[in-house]
Amino acid sequence: MSGLEIERKFLVKEGDAFKSAAFSRTHVQQGYIPCQGCTIRVRIRDQKAYLTIKGRPRAGGFARYEFEKEIEVEEARQLLRFCRGGIIDKHRYLVNSGAHVFEIDEFHGENEGLLLAEVELQDEEEDFIKPDFIGKEVTGDHRFHNTSLLTNPFCRWREELEK
């Protein structure tokens, strides 16, 4: 898959409401290979693996070019060895809401306690229905990018967010 990715990101309110609403749950491990001008991600999602290249976000932080290709899991394991800063470990839940699917990430390790939701859109102005458990929008806040969570994990600034 390649094309323009348009995505909005939100905090998830405390509690497990999203889990009971989910139609899917997967385990995700991902890392990032150093590169200037783009992001190269290696991801293992249960028994499948992907190599993704993402361009820099356009103004507003909503949209950016994305190329993704499925690769063999063993290839991904080898590529993860080139990733800098460690591995993001999380469970991803998929929740239907109107015509959209929200992806809710429950982070583990140094990012334990962080719950983020993303929704992909076809257009930057597209309307969507937010489930009740969706909180404050954090699209464009670099602290919530997975690459930032490797270098500045949630455990270091969690209290600052709660204020």
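Let's start with a pair of histidines. The side chain of H91 makes a polar contact with the side chain of H108, at 2.8 Å. Keep in mind that this is a predicted model.

Where does H91 sit? It is in strand β6, and that strand runs over residues 88-97. Is H91 buried or exposed? Its relative accessibility is 14%, so H91 counts as buried. The cut-off for buried is under 20%. Now look at what surrounds H91. Leaving out residues up to four places away in sequence, H91 touches R25, T26, H27, I104, D105, E106 and H108. So H108 turns up again, this time on the list of touching residues.

Next, G3. You will find G3 in strand β1, which covers residues 2-12. G3 has 28% relative accessibility, so it counts as partly exposed. Which residues does G3 contact, apart from neighbours within four places in sequence? They are R64, Y65 and E66. One more pair here: G3 and C38 are 35 residues apart in sequence, and their C-alpha atoms are 14 Å apart in space.

On to the empty space. Rolling a probe the size of a water molecule over the atoms shows where empty space is left.

Take the largest pocket. How much space lies in it? About 1100 Å³. Its lining has 46 residues. Nearest its centre lie Y32, T39, K54, R64 and T147. You have met R64 already, as a contact of G3.

Which elements build this lining? Several strands supply at least two residues each, among them β1, β2 (24-33), β4 (48-55) and β6. Helix α3, residues 146-151, also supplies at least two. Strand β3 gives the most, with 6 residues. By class, the lining of the largest pocket divides into 13 nonpolar, 14 polar and 19 charged residues.

Now the second largest pocket. About 270 Å³ of space lies there. It is lined by 13 residues. V12, E14, G113, F154 and L161 lie nearest its centre.

What supplies this lining? β1, β9 (134-137) and α4 (158-162) each give at least two residues. Which of the elements gives the most? That is α4, with 3 residues. By class, the second lining has 6 nonpolar, 2 polar and 5 charged residues.

One link to finish on. Strand β1 supplies at least two residues to the lining of the largest pocket, and at least two to that of the second largest pocket.

How values were computed. Residues are numbered from 1 along each chain as its sequence is written. This is a predicted model: local features need pLDDT of at least 70, side-chain atom pairs count only at pLDDT 80 or more; totals for chains, interfaces and linings use all residues. Side-chain values use heavy atoms; hydrogens and water are left out. On a 1 Å grid over the protein atoms alone, a cavity is a set of points where a 1.4 Å probe fits but cannot get out, and a pocket is an open set with protein on both sides within 12 Å along at least five of seven lines; lining residues have an atom within 4 Å of a point. Grid points are joined across faces, edges and corners, and a volume is the space filled by probe spheres set on the points. Helices (H or I, at least four residues) and strands (E, at least two) are DSSP runs, numbered from the N terminus. Ala, Val, Leu, Ile, Met, Phe, Trp, Tyr, Cys and Pro count as nonpolar, Asp, Glu, Lys and Arg as charged, and the others, Gly among them, as polar. Buried means under 20% relative accessible area, exposed over 50%, partly exposed in between (1.4 Å probe, protein chains only). A polar contact is a pair of N or O atoms within 3.5 Å; within protein, one must be able to donate a hydrogen and the other to accept it, and residues adjacent in sequence count only if both atoms are side-chain atoms. Contact means heavy atoms within 4.5 Å.
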